[in-house]
Amino acid sequence: MSRVHPEYDESRRLVDGSIRTADDGDPVLVGTECAECGFVVFPTRPFCRNCLSENVDDIDLSRNGELRTYTVAHTGQEGFEPPYAFGFVDLPEGVRLYSLLKGWESGTLEVGAPVELTLDEIKPDPKTGEPLFGHVFRLVEGDDD
């Protein structure tokens, strides 16, 4: 299953600079790692948010994480058709991301569930109606032990 929406267009990303597609076509989130204290953050920053050092490097973050917490919204925010799910995902680098969740309708959402990164439609552009894209996590299928 592709990890990138078939209509994905880089010009219609919600956040520029910290999401890209790798040579294998899969999405990559780019974070910043501090060379002084090792703190990792997403999205990229010109300095360390922890120790304020400017000795930082951009790094590719893991595509897989663990669902830390979630909720399912049954009322709509503009641009989102309810019900939809969102939550926090922990990556192995120590980064916690707020994200929409996909694929939960056919699976079971639970804290600790493995999830994987995708690039997907977030919502329509309120001015043009064209889809806007960004990072989304979906449940990893077939991880029942």
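Start with the whole chain, which read along the sequence follows the pattern β-β-β-β-β-β-β-β-β. It holds nine strands and zero helices (DSSP runs numbered from the N terminus: strands are E, at least two residues; helices are H or I, at least four). This is a predicted model, in which local features need pLDDT of at least 70 and side-chain atom pairs count only at pLDDT 80 or more, while totals for chains, interfaces and linings use all residues. Residues are numbered from 1 along each chain as its sequence is written, and side-chain values use heavy atoms, with hydrogens and water left out.

Next, select strands 5, 6, 7, 9 and 8. In that order they form a closed barrel of five strands with mixed pairing (two strands pair if DSSP finds at least two bridges between them). From one strand to the next the twist averages 45 degrees (axes are lines fitted to C-alpha atoms, and angles run from 0 to 180 degrees between N-to-C directions).

Now show strand 5 (residues 64–73) and strand 8 (residues 114–124), which run antiparallel and are joined by three bridges. Gly 65 has Val 115 in strand 8 as its bridge partner.

Move to strand 6 (residues 84–90) and pick Gly 87. Gly 87 is buried, at a relative accessible area of 4% (buried means under 20%, exposed over 50%, partly exposed in between, with a 1.4 Å probe and protein chains only). Beyond its neighbours within four places in sequence, Gly 87 is in contact with Thr 69, Tyr 70, Leu 97, Tyr 98, Ser 99 and Leu 101 (contact means heavy atoms within 4.5 Å). Measure from Gly 87 to Arg 68, 19 residues apart in sequence: the C-alpha to C-alpha distance is 7.3 Å.

Finally, return to the whole chain: buried residues make up 41% of its 145 residues.
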